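Here is a set of exercises to work through with the model open beside you. Try each task first, then read the solution step by step.

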Amino acid sequence: MLEEIFRDQWARVFAALVSYTGDVDVAEEAAQEAFAVAAERWARDGVPDNPGAWLVVTGRHRAIDRLRRDRTHADKLRLLDRPEPGEEVTMDESALPDERLELFFLCCHPALADEAQVALTLRALGGLSTPEIARAFLVSEETMKRRLTRARDKIRAAGIPFGIPREHLLPARLEAVLSVLYLIFNQGYGDGRADLAAEAVRLTRILVELAPGEPEAAGLLALMLLHDSRRAARVRDGEIVLLHEQDRGLWDTGRIEEGQALLDRALALGARGAYVVQAAIAALQTEEPIDWPAVAALYDRLRELTGSAVVELNRAVAVAEVEGPRAALAIVDGLGLDGYRYFHSTRAELLRRLDDTAGARAAYRRALDLATTEAERRFLTRPLPPPCSPPRPPVTKRGPASRDLRSKHHRTDARVTACASMMRRTCARSETVYPLHIQAN
């Protein structure tokens, strides 16, 4: 019971305490102590009617105690109002403001390094412990502890405010929040860590709930759900299963339907960014047969928005289905992505389809050198299948789907308009924003 309440209430309690104390360190210590008191007291007395409010009140008491002990916080203490000792304190939950959106903006402030934004978001909003975050990003616990400490020190030293940004700053600040959430999702999805991907989905749900009028947030959640719907089919016997080989019976139809509905909502709200275009691509990939000309056309649009070489690599995969592997290989060979494992695995597959076995083996070996998970290594070391014989016939490139960029359920034509500068910044934060493995499996 306490674990469930912790998961549901941690971010809201922590946000309320940051707002109350004006200090991230004090708020985190107070929140931890409040939950520790709850674990002991609720086991004896039962869970109160409003556990969130109880935790905030208890946390406020603990924060005041901390501030009284610390002379450097004396000025803050005079600003806080605490009842006299022994006075019973209650708080109606309706009187407890939900300040999680402010907490999102604090954790993803541009003054913080990207890696610090990710770690702080998982700690403050996800409630993950320092060891859990360290394991998620394959660094030592000590390294992650220092990263979080530097982030808190930066917030204090720079005077980063706790609040909603001014209107003219809001688009860029929201973009930073979305980018952090997608980086977390990619880390989990790409490396097969379902818990981390699920946490990204949960946090994005919270953001959509707090900012229902923001179409890009809805588009990002749609993208996550559409990809995550295939999770059960992506790996079989410890080996990656490519999209066209997956058992569609294992796909989560509920997530697909929810993702499609969110995509429709984002488009209706006028969404125009790269997350929505990617969600439209993911929606097309849930259909049978896949409309590859429409997928390729959407990647053309995504390339215009982002200028990303990784997007171009994804486009090449679609081009291979439309025009054949030789046209796709010409695109791939023009990209400078030697350090990117999916560049080499894509190139290997195209060479295999062109019956260049020696070239394919060399490219697979290079991809294997860069692989980060056991599932990837097993996939890359399996025996080479024979080349497609006869070659797959090219798909007709022109047609209504290609012209209109639409699937059975979704239109991505006039509503998906240019927003290039914002999307280039998103790509610059991490090349994993548009990972090939999502396209491939």
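## Exercise 1: R366 and its surroundings

R366 counts as partly exposed, at 28% relative accessibility. On the scale used here, buried means under 20% relative accessible area, exposed over 50%, and partly exposed in between (1.4 Å probe, protein chains only). Before going on, please note that this is a predicted model, in which local features need pLDDT of at least 70, side-chain atom pairs count only at pLDDT 80 or more, and totals for chains, interfaces and linings use all residues. Residues are numbered from 1 along each chain as its sequence is written, and side-chain values use heavy atoms, with hydrogens and water left out.

Task: find the helix that holds R366 and list the residues in contact with R366 beyond its neighbours within four places in sequence.

Step 1. R366 sits in helix α19, residues 357-370. Helices (H or I, at least four residues) and strands (E, at least two) are DSSP runs, numbered from the N terminus.

Step 2. With neighbours within four places set aside, R366 is in contact with D338, G339 and H344. Contact means heavy atoms within 4.5 Å.

Step 3. For a distance check, take L380: it lies 14 residues from R366 in sequence, and the two C-alpha atoms are 9.8 Å apart.

## Exercise 2: The chain as a whole

Task: describe the secondary structure, the buried share and the contacts of the chain.

Step 1. The chain has 23 helices and 2 strands.

Step 2. Of its 441 residues, 54% are buried.

Step 3. Among contacts with a separation of 6 or more, 70% are between residues 24 or more positions apart.

## Exercise 3: The nonpolar cores

Task: which residues touch the most other members of the largest nonpolar core?

Step 1. Begin with the rule: a nonpolar core is a set of buried Ala, Val, Leu, Ile, Met, Phe, Trp, Tyr and Cys residues joined through side-chain atoms within 4.5 Å.

Step 2. The largest such core has 105 residues, and L122 and L207 touch the most other members.

Step 3. Beyond residues up to four places away in sequence, L207 touches L101, F104, L174, V177, L178, L181 and A217. Another core, of 27 residues, lies apart from the largest one and includes L242, L329, I331 and L337.

Step 4. As background, nonpolar side chains in soluble globular proteins tend to be buried together.

## Exercise 4: Helices α8 and α6

Task: where do the buried residues of α8 lie around its axis, and which helices do they pack against?

Step 1. Helix α8 has 18 residues and spans 26 Å from first C-alpha to last, close to the 26 Å expected at 1.5 Å a residue. The expected span is 1.5 Å times one less than the number of residues.

Step 2. Its buried residues are M144, R147, L148, A151, R152 and I155. They cover an arc of only 130° around the axis, so they are on the same side of α8. The arc is that of the directions from the helix axis to the C-beta atoms.

Step 3. These buried residues pack against α2 (24-45), α5 (100-107), α6 (114-124) and α7 (130-136).

Step 4. Now look at α6: 9 of its 11 residues are buried, so α6 is largely enclosed by the rest of the structure. L122 and R123 are among those buried residues.

Step 5. Just after α8, G159 takes a positive phi of about 65°.

## Exercise 5: Salt bridges

Task: which residue forms a salt bridge with R7, and how many residues apart are the two?

Step 1. A salt bridge is a side-chain nitrogen of Lys or Arg within 4 Å of a carboxyl oxygen of Asp or Glu. By this rule there are 29 salt bridges.

Step 2. R7 pairs with E199, with the closest N and O atoms 3.2 Å apart. The pair links distant parts of the chain, R7 in helix α1 (residues 2-21) and E199 in helix α10 (residues 194-210), 192 residues apart.

Step 3. Compare the burial: R7 is partly exposed at 40% relative accessible area, whereas E199 is buried at 2%.

Step 4. E199 also forms a salt bridge with R202 (2.8 Å, N to O). Because E199 and R202 are 3 residues apart in helix α10, about one helical turn separates them. R202 is buried, with 18% relative accessibility.

Step 5. Elsewhere, salt bridges with shared partners join D23, D25, E28, R123, R152, D153 and R156 into one network.
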